[in-house]
Amino acid sequence: MKNKLFAEFIGTFWLVLGGCGSAVLAAGYPELGIGFAGVSLAFGLTVLTMAFAIGHISGCHLNPAVTIGLVVAGKAEKKEAIPYIISQVLGGTFGAFILYLIASGNPQFNLAANGFALNGVGAMSPNGFSMTAGIITEVVLTAMFLIIILGATSKKAPKGFAPIAIGLGLTLIHLISIPVTNTSVNPARSTAVAIIAGGQALSQLWIFWVAPIAGAIIGAILYKAFLDDEAV
């Protein structure tokens, strides 16, 4: 079990450091050319690389919503859910802390002015989208993410390609939703940066637990009801 928990810790650490790091360290500097699409790809690459590295150890959830969705779908054990979620939040928070130490090495960096890849709605939304729009976005996209994960890892799916489908799926999700909520679909990722930033980010954090988890449960139920063909 300890191998699984450390795998989830290090995987979520990498997701936050790589994905949020691309937003904090590179996207804010136009001359580097990574921009919106680059950040989206960075998040996808963190999951793709970790899926190959630790998928055989822990399943590479890296996300409390995914863990809960997989439990609902019968693809993960209930007794592992809480330890997995704790490891994910701790790993993500450590990633956010390391990112803050790196970013603070630039004398021009200011947490309040530069932002910290925070998720938010309303005044905290990158393009001012409402809470309703943000919640719908997070629920629907997390549901689709679960369907992608369950389908790509099915015994009848092409072997060896699941990490690619899941990584590209997360990239697409970011391309859609960065303007709306700065893309969460992952409570651990949202919690990690909110803890470091504090303030209003913490006041909206509940949204990025409730909406992704609700979406994951919906995605798992839909997949099991209409798409699961493993028993056929």
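A residue counts as buried when its relative accessible area is under 20%, as exposed when it is over 50%, and as partly exposed in between. Lys4, with a relative accessibility of 26%, therefore falls in the partly exposed class. The structure considered here is a predicted model, and the values below were computed from that model.

**Salt bridges**

Lys4 is a convenient starting point, since its side chain meets that of Glu80 in a salt bridge, with 2.9 Å from N to O. Lys4 belongs to helix α1 (residues 2–26) and Glu80 to helix α4 (residues 78–103), so this pair ties together parts that are 76 residues apart in sequence. On the Glu80 side of the pair the relative accessibility is 11%, and Glu80 is therefore classed as buried, whereas Lys4 is partly exposed.

The count of salt bridges in the model comes to 3, and the table sets them out with their N to O separations and with the accessibility of each partner.

| Salt bridge | N to O distance | Relative accessibility of the Lys | Relative accessibility of the acidic partner |
|---|---|---|---|
| Lys4 and Glu80 | 2.9 Å | Lys4, 26% | Glu80, 11% |
| Lys79 and Glu77 | 3.6 Å | Lys79, 65% | Glu77, 41% |
| Lys224 and Asp228 | 2.9 Å | Lys224, 38% | Asp228, 23% |

In the pair formed by Lys79 and Glu77, the closest N and O atoms are 3.6 Å apart; Lys79 counts as exposed at 65% relative accessibility, while Glu77, at 41%, is partly exposed. In the pair formed by Asp228 and Lys224, Asp228 is partly exposed at 23%, and Lys224 is likewise classed as partly exposed, with a value of 38%.

**Helices α2 and α7, and the nonpolar patch**

Two packed helices are described by the angle between their axes and the distance between the axes. Helix α2 (residues 35–58) packs with helix α7 at an angle of about 155°, and the two axes lie 8 Å apart. An angle over 145 degrees counts as roughly antiparallel, which is why α2 is described as roughly antiparallel to α7. The crossing in which α2 passes α7 is right-handed.

Phe43 is situated in helix α2, and with a relative accessible area of 3% this residue is buried. The C-alpha atom of Phe43 is separated by 27 Å from that of Lys156, a residue 113 positions away along the chain.

Where does the model show a nonpolar surface patch, and which residues make it? The patch is made by Phe36, Leu172, Leu175 and Ile176, and its area is about 350 Å². Helix α7 (residues 162–181) gives the most to this patch, contributing 3 residues. Leu175, one of the patch residues, lies in helix α7 and is partly exposed, having a relative accessible area of 35%.

**The loop between α2 and α3**

Most residues other than glycine have a negative phi. Cys60, although not a glycine, has a positive phi of about 55°, and Leu62, also a residue other than glycine, has a positive phi near 60°. Cys60 is found in the loop between α2 and α3 (64–72), and the loop between α2 and α3 is also the place of Leu62. As for accessibility, Cys60 is buried with a relative accessible area of 12%, and Leu62 is buried with a relative accessible area of 2%.

**Separations along the chain and in space**

Thr142 is placed in helix α6 (residues 131–152). How buried or exposed is Thr142? Its relative accessible area is 0%, and Thr142 is therefore buried. Thr142 and Ile213 stand 71 residues apart in sequence, while their C-alpha atoms are 7.8 Å apart in space.

Leu222 is found in helix α10 (residues 207–227) and is partly exposed, with a relative accessible area of 36%. The C-alpha atom of Leu222 is separated by 9.4 Å from that of Ala73, although the two residues are 149 residues apart along the chain.

Notes
Residues are numbered from 1 along each chain as its sequence is written. This is a predicted model: local features need pLDDT of at least 70, side-chain atom pairs count only at pLDDT 80 or more; totals for chains, interfaces and linings use all residues. Side-chain values use heavy atoms; hydrogens and water are left out. Patches are made of residues with over 30% relative accessible area and no salt bridge: like charges are joined within 9 Å, nonpolar side chains (Val, Leu, Ile, Met, Phe, Trp, Tyr) within 5 Å. Accessible areas come from the Shrake-Rupley method with a 1.4 Å probe; for residues, only the protein chains shown count as cover. A salt bridge is a side-chain nitrogen of Lys or Arg within 4 Å of a carboxyl oxygen of Asp or Glu. Helices (H or I, at least four residues) and strands (E, at least two) are DSSP runs, numbered from the N terminus. Buried means under 20% relative accessible area, exposed over 50%, partly exposed in between (1.4 Å probe, protein chains only). Axes are lines fitted to C-alpha atoms, for helices over the stretch in contact, and angles run from 0 to 180 degrees between N-to-C directions. Angles under 35 degrees count as roughly parallel, over 145 as roughly antiparallel, 65 to 115 as roughly perpendicular and the rest as oblique. A crossing is left-handed if the near helix is turned anticlockwise from the far one by less than a right angle, and right-handed if clockwise.
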